[in-house]
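Biologist: I should like a close look at a single part of this protein, set in the context of the whole chain. Please describe that part and what surrounds it.

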Amino acid sequence: MSRPAVLRSLQTIVPDTVIAQDAVRDVFAQQPGLGRLAQRIVTASFDGSGIDTRHTVIEEFSPLHETDEPVFFAPATRQLLAPGTRARNDIYVRESTRLFVEVAQRAIEEDPDLQASDVTHVITVSCTGFHAPGPEYEIVRALGLADSVQRFHFGFMGCYAAMPALRAASQFCSADPDAVVLVVSVELCTLHLRSSEDPDTIVATSLFADGGAAGIVTARQLPSEVPALSLDRFHTAIAPEGEKDMAWTIGDEGFEMILSTAVPQIIGETILGALRPLYVGEHDMSIAFEEGAIGERVAHWAIHPGGRSILDRIQERLHLSDAQLHPARAVLRENGNMSSATILFVLKRILEEEGAQRGDRVAAMAFGPGLTAESALMTVETPRGHGA
């Protein structure tokens with residue numbers, strides 16, 4: 001039997017500009033023309049988000065930034081501006097390229113056994129902008145990778161997209177045991193934030209942030225023991241009743257996120273069915289599902305923190321402890337929802353800060369448009385602080 005592919009050298013990155021949730025709440029609540037009901041929704045959404053800070057590539061949101069030609073935010077009037085989609089995408093091209101290259105380079109530099117010349121595939125993930133040649137090309141050129149490296153971009157899939165990217169990387173390694181796949185996700189969600197009276201748009205505005213992550217997937221037998229996760233199984237499930245409750249479209253003034261308040265309930269109702277196929281053939285786990293004790297059989301839960309209410313519903317439905325949801329809640333609190341990159345932040349935290357032990361199982365889940373639920377079962381290889 002072939003060795004399962006392993007995810008290693010996980011690295012994360014966020015832009016330098018930090019926005020405090022209460023400060024950005026006040027900005028959105030004070031926009032001209034916003035009705036009293038919308039103001040109350042803004043306050044409730046931001047205050048109940050479970051977020052303290054977020055990061056953004058929009059320097060205008062920093063109190064230290066000065067400009068005579070604001071694009072997104074005019075500090076003198078504290079008014080949010082409405083740049084067109086092209087202006088937003090131009091910033092995406094510039095800023096995302098920098099982050100894609102930097103976090104990809106970190107992933108390679110931090111791996112003690114691999115170097116740029118070992119990379120055979122590059123997979124990039126993003127849903128917050130477009131350009132061609134794309135980020136996978138920029139990484140190959142900037143890092144001096146071979147022109148023959150196979151390049152793939154998973155675009156405009158939404159918050160769950162890092163999971164199918166990891167699955168594809170694992171499949172590449174199954175086809176070629178010598179493959180070394182660089183997986184990189186960068187999302188600049190704040191480029192598409194806007195003032196609105198629509199409740200779904202307000203909820204999205206209270207959650208989304210910028211960030212990126214990269215890791216290396218390979219089935220090679222390498223000498224150094226590093227923090228890593230074996231990628232054991234994957235599964236995709238769709239809750240079609242939620243198709244209109246989570247969507248991502250392109251408008252004249254940026255991309256438009258639909259994230260309705262029905263999403264937590266739909267996820268709660270479908271999560272057991274989405275997870276069950278990962279454990280087919282495991283008698284003990286089948287019993288755990290029947291007894292409602294699945295949370296007790298898996299040590300760590302890497303749940304995409306789409307929002308505080310989503311995590312609350314999942315914790316209730318799976319009977320997870322506060323400790324098991326801590327990595328997801330901590331990432332949400334410190335960084336917000338960074339779309340597809342977020343699940344990689346959670347996995348990194350589990351490996352390095354949550355007391356993971358070799359052999360511990362990790363159940364990972366991410367949700368996105370569709371309503372699609374991507375899940376995976378992983379095993380801790382060597383957490384931080386263990387091994388050589």
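Modeller: A residue is called buried here when its relative accessible area is under 20%. The model is a predicted one, and the part I have chosen is helix H1, residues 21-29. By that cut-off, the buried residues of H1 are Gln21, Val24, Arg25, Val27, Phe28 and Ala29. These buried residues pack against strand S2 (17-20), helix H2 (36-47), strand S3 (53-56), strand S4 (73-74) and strand S5 (79-80). Helix H6 (199-205) also packs against the buried residues of H1.

The wider setting begins with an annotation. In an unreviewed UniProt entry, residues 4-219 are annotated as "domain: Chalcone/stilbene synthase N-terminal". Helix accounts for 35% of that span and strand for 23%, while the C-alpha atoms at its two ends lie 6 Å apart.

The protein as a whole contains 12 helices and 15 strands. Its radius of gyration is 20 Å, close to the 21 Å that the globule rule gives for 388 residues, so the protein is as compact as a globular protein of that length. Along the principal axes, its C-alpha atoms fill a box of roughly 65 × 50 × 35 Å.

Of the 388 residues, 58% are buried. Among contacts with a separation of 6 or more, 77% are between residues 24 or more positions apart.

As for the surface, the protein exposes about 16100 Å², of which carbon and sulfur atoms supply 48%. The protein has 31 positive and 52 negative charges, and the mean positions of these two sets are 2 Å apart.

Methods. Residues are numbered from 1 along each chain as its sequence is written. This is a predicted model: local features need pLDDT of at least 70, side-chain atom pairs count only at pLDDT 80 or more; totals for chains, interfaces and linings use all residues. Side-chain values use heavy atoms; hydrogens and water are left out. UniProt positions are given in the numbering used here, feature names are shortened, and annotations may be inferred rather than shown by experiment. Helices (H or I, at least four residues) and strands (E, at least two) are DSSP runs, numbered from the N terminus. The radius of gyration is taken over C-alpha atoms; the globule rule is 2.2 Å times the number of residues to the power 0.38. Buried means under 20% relative accessible area, exposed over 50%, partly exposed in between (1.4 Å probe, protein chains only). Contact means heavy atoms within 4.5 Å. Accessible areas come from the Shrake-Rupley method with a 1.4 Å probe; for residues, only the protein chains shown count as cover. Lys and Arg count as positive and Asp and Glu as negative; His and the chain ends are not counted. The place of a charge is taken as NZ of Lys, CZ of Arg, CG of Asp or CD of Glu.
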